Amino acid sequence: MGEFQGKRERNTFSGSLGFILAAAGSAVGLGNIWRFPYLAAKNGGGLFLLVYIILALTFGFTLLLTEVAIGRKTGVGPLGAYKSLKKGWGFLGILATVIPAIILPYYSLIGGWVLKYFTVFASGGIEGAAEDGFFTGFITAQWQPIIFHTLFFAATALVIFRGVNEGIEKLSRVLMPLLVVLVLGIAIYSCSLSFTDASGVKRTGMQGLAIYLIPSFEGLTFGKLMGVIMDAMGQLFYSLSIAMGIMVAYGSYLKKDENLPKSINRIEIFDTGIALLAGVMVVPAVFTFMGREAMSGGPGLMFISLPKVFSSMGKVPGTIIGVLFFLMIIFAALTSCISILEAIVSSLMDEFHWDRRKATIIASIYGWLLGIVVALGYNLLYFEYKLPTGDTGQMLDIFDYLSNNIMMPILAILTCILVGWVIGPKEIIQEAEEGGAKMGRRGLYVLMIRFVCIVLLALVFMKAFGFFA
Ligand code: PHE
């Protein structure tokens, strides 16, 4: 349904459900399923959940609403949106286009890793996947990661090629409900597990669930609480896909008569709900088979610990759960990767007046090639680099660090300054209330965008340089 707005041809989402599912598709990604559970386990379970929910309702709501409103108000992709909002602020648009361009290559590469695990489980290779060294062997191989990245990227590009309605919206309408069903099913199964280990200790999924949900204040100091808050904020930021131009692009496809605050609330509920459920899915299972220590196992959780957990369930149940689990992550990662590519494509189309075909082809060649370079960062181009946070990393970690820790907080802080102090929050509130919608929490919004968000974001930014470690 190519609709015309003014003289220019521009797609719009067909209705609020289409928009909500597409935006939720972007928000629900690897971050929710792999990062959230281990952060929660590391940060005292329920305490982290509590902090996260409070931040989502205040900080998350403010930033998400602001970006979608900027997109809808200006009607263009991120590259043009900021300069159309205020002359002289066009550099923010450049930043908002460079960020997804940095994320796209490595996100697709990780999507390829998930695809690989899916094929391994689906072809009965569960025992191999659970062996020590399987993951490292795979990512350091020369060709396999490139091949899977290529497949994943091709799927992403194909959807973008088809456009906003026929591609993004149609796919999200199918995949997102399926994803909810899969997460719910696996979460219930995970809570029903029990296992007696070699030393005769019996652990159950329900015990794991209790550890996940009940706040632990043990040994809590002010410094530690700050650490929890910083982790929650960093996660929220990433999880809602804010400060990467994506929500501006999606906002630009939103019709004026859609109720914006209501849609924002629903996207947040969706994203946070899936993150909470992902914890119910992952934490009890890991606890049951691997004990308490393994739960905060960090980034290796998804590719190293979980295959071992699935294998401990026994060959048949483990294979079934593994296949469903990785299928679900493919859905989550694909809808996110699509949104990253769309942010770039929408900017190219608006700025250079290219058609979708041309913009998609050029952005795809770029993302695909750079993804190959990132993949080779574990092989031919291997080197170790010490990041300012103190961690060491490869090319992928450097890309991730630059975008998430440096550029995204900068873009978000400047967006808050632009809206809070230069054009004024009223402009955004007016846009949000366009078409008769009522925006609750108006005073809160003003307070957040002018003061609180800026302070919180400055803290996130400082964290990039090793503060609060
Ligand atoms: N929000 C996504 C997640 O939680 C991450 C993401 C990053 C999505 C970049 C789009 C772009 O995994």
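**Salt bridges and the ligand site**

The structure holds 14 salt bridges, and I should say at the outset that what we are looking at is a predicted model. One of these salt bridges joins lysine 308 to aspartate 132, with the closest N and O atoms 2.6 Å apart. Since lysine 308 belongs to helix H14, residues 305-312, while aspartate 132 sits in the loop between helix H6 (126-130) and helix H7 (134-139), the pair ties together parts that are 176 residues apart in sequence.

Let me turn now to the ligand. The space that the ligand takes up is the largest cavity, and 16 residues surround the ligand, the closest being Ala27, Leu30, Gly31, Asn32 and Tyr238. At least two residues of this shell come from each of helix H1 (16-27), helix H2 (30-42), helix H5 (90-122), helix H11 (222-239) and helix H15 (315-352). As for the character of the shell, its residues divide into eight nonpolar and eight polar, with no charged residue among them.

Which atoms of the protein, then, lie 3.0 Å from a ligand atom? In asparagine 32 it is a side-chain N or O atom, which is 3.0 Å from an oxygen atom of the ligand, whereas in tyrosine 238 it is a backbone N or O atom, and the partner there is a nitrogen atom of the ligand. Serine 241 places a polar side-chain atom 3.1 Å from a nitrogen atom of the ligand. Finally, of the 320 Å² of accessible area that the ligand has on its own, the protein covers 100%.

Conventions: Residues are numbered from 1 along each chain as its sequence is written. This is a predicted model: local features need pLDDT of at least 70, side-chain atom pairs count only at pLDDT 80 or more; totals for chains, interfaces and linings use all residues. Side-chain values use heavy atoms; hydrogens and water are left out. A residue is near a molecule or strand if one of its heavy atoms lies within 4 Å of it. A polar contact is a pair of N or O atoms within 3.5 Å; within protein, one must be able to donate a hydrogen and the other to accept it, and residues adjacent in sequence count only if both atoms are side-chain atoms. Accessible areas come from the Shrake-Rupley method with a 1.4 Å probe; for residues, only the protein chains shown count as cover. On a 1 Å grid over the protein atoms alone, a cavity is a set of points where a 1.4 Å probe fits but cannot get out, and a pocket is an open set with protein on both sides within 12 Å along at least five of seven lines; lining residues have an atom within 4 Å of a point. A molecule sits in a cavity or pocket if more than half of its atoms lie within 2 Å of its grid points. Helices (H or I, at least four residues) and strands (E, at least two) are DSSP runs, numbered from the N terminus. Ala, Val, Leu, Ile, Met, Phe, Trp, Tyr, Cys and Pro count as nonpolar, Asp, Glu, Lys and Arg as charged, and the others, Gly among them, as polar. A salt bridge is a side-chain nitrogen of Lys or Arg within 4 Å of a carboxyl oxygen of Asp or Glu.
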